Amino acid sequence: MADLSKIRNFSIVAHIDHGKSTLADRLIQACAAVPDREMEDQLLDNMELERERGITIKARAVNLTYTAQNGVTYELNLIDTPGHVDFSYEVSRSLRACEGAVLVVDASQGIEAQTLANTYLALDNGLEIVPVINKIDLPAADPERAKKEIEDIIGLPAEDAPCISAKMNINIPDVLEKIVRDIPPPKGDPDAPLRALIFDSQYDSYRGVIVTFRIFDGTLRVGDTIRMMAIGTEFEVLELGKLLPLGTAPCSELGPGTVGYFTAGIKNVRDTAVGDTITHASRPAEEPLPGYRPVQPMVFSGVYPADGADLPDLRDALEKLHLNDASFVFEPESSVALGFGFRCGFLGLLHMEIVQERLEREYNLDLITTAPSVVYKVDLTDGQTVTVDNPLHYPNPANIAQSYEPFVKATIITPPAFTGNIMELCQERRGEYIGMNYLDGDRAEILYNMPLNEIIYDFFDALKSRSKGYASLDYELIGYRPSKLVKLDVLLNGEVVDALSFIVHVDKAYPRARRIVEKLKEHIPRQMFEVPIQAAIGGKIIARETVRALRKDVLAKCYGGDITRKKKLLEKQKEGKKRMRNLGSVSVPQEAFMAVLKFDE
Amino acid sequence: MSSKPAGLYMHIPFCQSKCAYCDFYSYAASETAKKEYVSALISAVIAFSAQAIGTFFDSIYFGGGTPSLLENEDLQALLYTIHAYYEVSEEAEITLEANPGTVAEVRWEGLHAMGFNRLSLGMQSAVDTELAALGRIHTFGETARAVQKARAAGFSNIGLDLMLGIPGQTKESLKVSLEALLSLSPDHVSAYLLKLEEGTPFYARYPEGKGLPSEEEQAEFYLTTCEFLADNGYIQEEISNFAKPGKESVHNQKYWTLAPYLGLGPGAHSDFGGRRFAFPADTKAFTEAAKAGTLTSLLIMEDEAPNRAEETVFLALRTGAGLTRKALLNAAPNGNLMFDKIADALAPYAKQGLARIDGESVRLTPAGFLLANALMTEALLAMGQN
C-alpha cells in the first residue's frame with residue numbers, strides 16, 4: 001500500500017480565463033521529469049495531437065510524481081473541476097475528492113463571483129486553500145492588491161502566496177512546494193469496508209464507461225464485484241489504475257486516499273452517477289459518503305434538426321453525448337412548425353449552450369432550438385399539481401388555481417461603477433434585492449433573489465454588456481414561489497407558430513411581445529404577400545408588426561445567352577428557401593427562431 | 001431539338017467609353033486592336049464552322065459592347081465569312097446593336113446593304129440629364145436622328161432599349177421617355193431595370209441602392225411601362241422585351257425556347273451541340289488562341305448535360321407565352337406531372353394576380369414578372385427535382 005503521507009489530492013479553483021488549464025499544463029510539465037528539452041516538446045506535441053484527434057478522452061484526474069526540495073517524492077493527484085456555474089454539483093463532488101485546492105487569482109482582475117462561489121464550496125468541504133497569484137507578467141498586474149483581496153474577501157492569509165505566470169512558466173515550482181507543504185495528506189483505513197466517491201464517468205467506445213473515483217476507506221482490487229450504493233447496480237472490476245498525463249498505469253489494487261479509474265464493461269454513464277459511492281457487493285459499507293444528489297435538469301428547450309431528414313443523426317448524436325453527460329436528458333417531441341425533434345433538459349443555460357454547440361460542432365448538425373423554459377409548477381382547480389417544462393403543455397388558464405416558478409439566489413460581483421446598471425437590470429428582470437457588500441474599494445457583491453426564467457433569457461449577455469464585461473454571476477436554486485404566468489403565442493399570417501410560444505410573467509408579457517414581433521420582423525424576409533406578425537395571450541392580440549410584401553425580385557437585364565448565371569442565382573434561391581421552415585404559407589429562416597431568444601441589446 | 005433553327009451570336013467587346021452601371025465585358029480599344037480582334041473573330045467563325053455542319057441558322061446577332069464601333073468594312077468581312085461557312089436562311093434576322101452616338105449618318109445605307117435587317121439601339125431615356133447620369137455618350141436627339149436615318153436607309157425593324165430606375169428618374173420623366181419612345185414607333189422595345197453590379201462605379205456611388213429610385217418606385221416604373229406598351233399595341237414577349245405583332249426578336253427567342261445558339265467572342269455563351277459552354281471574358285486570350293488555332297481549348301464547359309426540364313421551366317416563365325404543358329412534356333418524359341405540380345404550387349399566387357394558370361399553361365403577369373425569381377424558385381422546388 002502507498003504511504004498516505006506522500007499523497008496530495010488537490011483541485012484548482014479559478015474563474016474562467018484566469019489560467020486554470022494553463023497552470024494545470026505547467027504543473028504536469030514540471031512533474032513530467034523529462035529532462036531533455038526536445039523530449040519535453042515531443043511530450044507536449046503528443047498531447048496536442050491526441051487532443052486534436054480526440055482519441056483520448058480528457059482525464060478528469062491526473063496522477064503526477066513530484067520530488068520536492070526536501071528530497072521526498074510525492075504522488076500528486078490533480079483533480080479537474082468543470083468550469084462553470086451550471087455544474088456546481090459536479091464541482092462539489094470533485095472538491096470532495098481532495099484535501100486541498102489551489103486558488104488561482106488573476107493579478108490584474110482579482111476575485112470574481114465564480115472564484116468566490118467555488119472557494120466557499122471548497123471551504124465548506126473542509127479543503128486547505130493554497131492561494132496563487134497568476135498572470136504577474138501582465139502590465140496591469142497588481143499582485144499585492146490581489147493578495148489583499150484574498151485576505152479581505154475570503155479571509156485567507158495570502159502574504160506568501162506564490163506569484164506566478166503560468167503562461168510564461170514563471171515560479172511554477174513554488175506552487176508545487178506549497179502544495180506538498182500546506183495540503184494535508186489523505187487519511188483512511190485500508191481494511192475498512194470500501195467507500196469510494198465517483199467524481200467523473202466518461203464513455204469510451206472500446207472499454208465502456210471509465211469511472212474516476214477517490215477511495216476514502218478500504219481497498220479496491222481487480223476482479224472485485226462492486227455496488228453503486230445510490231443507483232444499486234453491480235459490476236465486476238475489469239481494469240484498475242491511475243490516470244497519467246499520457247495514458248494510464250494499470251495496477252491490481254488501490255487503497256485509501258488514492259485517486260484512480262476502473263472499467264467494468266459498463267455500457268452507460270447513467271449507471272455510474274457522479275456523487276455515488278462505490279462499495280463491495282460482498283462487504284458493503286454501512287453508510288454511503290454524504291452528498292449524493294440525483295441530476296435535476298432546470299432548463300428545457302426543444303432541439304430540432306434544421307433539415308428534418310437529419311432527425312436520425314440528431315438522435316444518434318444525443319445518445320452519444322448522453323453516454324458522456326448524464327446530466328442532460330432528452331425525449332422525442334414534435335411541433336407543427338418544426339416537425340420532429342427532442343425536448344432536452346439541461347442543468348442551466350450554459351450547459352444548454354455547451355450541449356448545443358457540441359451537437360453542431362462535433363456532430364456537424366444544423367439545429368433549431370426553441371426558447372428555453374424553466375420547470376413551472378401549476379396547481380389545477382381540480383386539486384392536482386402538474387409540472388410544466390414546455391409551453392405547449394401549459395394548462396388552460398381556466399383550469400389553473402395557482403402557478404409557481406423557480407427562484408434562484410444570484411450573486412453578482414462587479415466593479416462599483418456598474419452597480420447601478422446591474423441593479424437596474426436585476427430590477428427589470430423582476431429581481432428582489434437582498435443586499436450589496438463592498439468587498440473592497442474595487443469590487444462590490446450584489447445579491448438578488450431572481451426568477452430563474454429571467455436568467456435563462458440572455459441574462460449573461462445583458463450582464464456583460466452592462467458592465468463592459470466585468471461583472472460575474474453565480475446562482476443557486478432556492479425554491480418555488482407563486483407567480484402570475486401567462487402563455488404568449490406568436491402568430492404568422494394568422495396562424496399560431498407553436499415553436500415560438502413561451503411562458504412569461506404577466507408583467508413582462510407586453511414588452512416581450514413587442515420585442516418578439518420586432519425581432520421576427522427583422523428576420524423574416526419579405527415574401528410575395530404581406531405577412532402580419534402578431535403576439536397574443538389567449539385570443540387577445542397584444543402586439544403586431546407587418547412584413548411588407550416583396551415588390552421586386554427579378555433579373556430584368558440583358559444577359560443574352562448567359563443562362564448559367566440565371567440558373568446559379570435560382571439554385572441559390574432554391575437552396576435558401578429549402579433551409580427555411582414553411583410555417584403555413586410563410587417561409588421563416590432558422591435565424592428567426594434564434595433571434596427571438598435574444599431580448600436585451 | 002437539333003431540328004430547331006439556330007442563332008449565331010457575335011460578341012464585340014468594345015465601347016467608346018464605359019457606362020457607369022455596366023458590368024458587361026467591354027472596353028475602349030485602339031483601331032489596331034479592333035482590326036486584330038476582327039481577324040480573330042473571323043478565325044473563330046471558320047474554326048467553329050465544322051461543328052455547325054448540318055445546323056441551319058435563321059438569326060445572326062452582333063452584340064456587345066458596341067458592335068457599331070467596328071467599321072462597315074469589318075462588319076462586312078464578318079458577315080461575308082459567316083455566309084461563306086454557315087448555312088444561313090435567306091430570311092434570317094441579322095441584328096446589329098448600335099449606340100446612337102457612334103454611327104455616322106452615311107453608314108446606315110451600307111449596313112443595310114451588307115445584310116443587316118434589324119437594329120437594336122440603346123436609347124435608354126429621352127431625358128438627357130438621365131442619359132448623362134448613366135454615363136451614356138449620346139443624347140435623345142441623336143437617337144431620334146439615328147432612327148430616322150436608319151429607316152430612310154431601309155431598316156424596317158428597329159428595337160429601342162429603355163432603362164428603368166435611372167438615378168433621378170421619376171414617374172413624370174418616365175412618362176416623357178415613354179411618349180418620346182412611342183413617337184419613334186420602334187418595332188421592338190427592351191425595357192430593363194437598372195441593376196447595381198459589383199465593381200461598377202454605380203455600385204460605389206449608390207451603396208445598397210441609396211440615391212437610386214426605391215424598389216417601390218422601380219416596381220411602379222416597370223408596371224407603368226408594361227401597361228403603356230400594352231396599351232399601344234406591343235406584345236410582352238418576355239420580362240423585359242416587347243414587340244409589335246410579327247416583330248418578335250427571332251434571336252432572343254432562342255434563349256427562351258432552348259433553341260441552339262453559338263456565341264463567338266470573349267464572354268460569349270453557347271448552347272450548342274447539347275452542351276452549354278462559354279469563352280472566357282478575355283480578349284487577349286481569345287485573340288491569341290484564334291491565331292494559334294486553339295480556340296476550343298479555351299472553352300469553359302458550363303453544363304455538359306443541361307437539365308432541360310428545369311431550364312424549360314425558368315426560361316419559359318420569363319416569356320409572355322409562359323410555360324406550357326407541351327414544352328415541359330417535350331423536355332421531360334414526366335413533364336405532365338411536373339406541369340401539374342408547378343400549376344398547383346403557383347395557384348395561390350395566381351389568386352393574388354401574379355400568374356394566370358389554365359390546364360395548358362402558366363403565365364406570369366407583369367406583377368408576377370417583378371417577382372419572377374421568387375415564383376421560379378417555387379416552380380423549381382415544386383417540380384421535385386434537385
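Two strands pair if DSSP finds at least two bridges between them, and strands (E, at least two residues) and helices (H or I, at least four) are DSSP runs numbered from the N terminus. The model is predicted: local features need pLDDT of at least 70, side-chain atom pairs count only at pLDDT 80 or more, and totals for chains, interfaces and linings use all residues. Residues are numbered from 1 along each chain as its sequence is written, chains are lettered from A and ligands numbered from 1 in the order in which they are written, and side-chain values use heavy atoms, with hydrogens and water left out.

**Exercise 1.** Find the partners of strand 6 of chain A, then look at A:Ala196.

*Solution.*
- Start with strand 7 (residues 208-217) of chain A: 9 bridges join it to strand 6, and the two run antiparallel.
- Next, look at the link: a hairpin connects these strands through 3 residues.
- Then turn to strand 15 (residues 277-280) of chain A, which pairs with strand 6 over 2 bridges, in the antiparallel sense.
- A:Ala196 has A:Ile215 as its bridge partner in strand 7 of chain A, and A:Ile278 in strand 15 of chain A.
- Finally, check the cover: of the 10 residues in strand 6 (195-204) of chain A, 8 are buried, that is, under 20% relative accessible area with a 1.4 Å probe, protein chains only.

**Exercise 2.** Work out how helix 1 and helix 6 of chain A pack.

*Solution.*
- Fit the axes as lines to C-alpha atoms over the stretch in contact, and take angles from 0 to 180 degrees between N-to-C directions.
- For helix 1 (residues 20-31) and helix 6 (residues 172-182) of chain A, the angle is about 85° and the axes lie 10 Å apart.
- Helix 1 of chain A is therefore roughly perpendicular to helix 6 of chain A, a label that covers 65 to 115 degrees.
- List the contact residues (heavy atoms within 4.5 Å): helix 1 of chain A gives A:Leu23, A:Arg26, A:Leu27, A:Ala30 and A:Cys31, while helix 6 of chain A gives A:Ile172, A:Val175 and A:Leu176.
- Sort them by class: 7 are nonpolar, none polar and 1 charged.

**Exercise 3.** Describe the sheet of chain B with strand order 13-15-14.

*Solution.*
- Its 3 strands form an open sheet with antiparallel pairing.
- Strand 13 (323-324) and strand 14 (355-357) of chain B each have a single partner strand, so one side of each is left without a neighbour in the sheet.
- Between strand 14 and strand 15 (residues 361-364) of chain B there are 3 bridges, and B:Ala355 stands opposite B:Leu364.
- Helix 14 (residues 335-351) of chain B packs on the sheet, touching strand 13, strand 14 and strand 15 of chain B.

Note on methods: Parallel < 35°, antiparallel > 145°, perpendicular 65-115°, else oblique. Nonpolar A, V, L, I, M, F, W, Y, C, P; charged D, E, K, R; others polar. Buried < 20%, exposed > 50% of the residue type's maximum accessible area, 1.4 Å probe, protein only.
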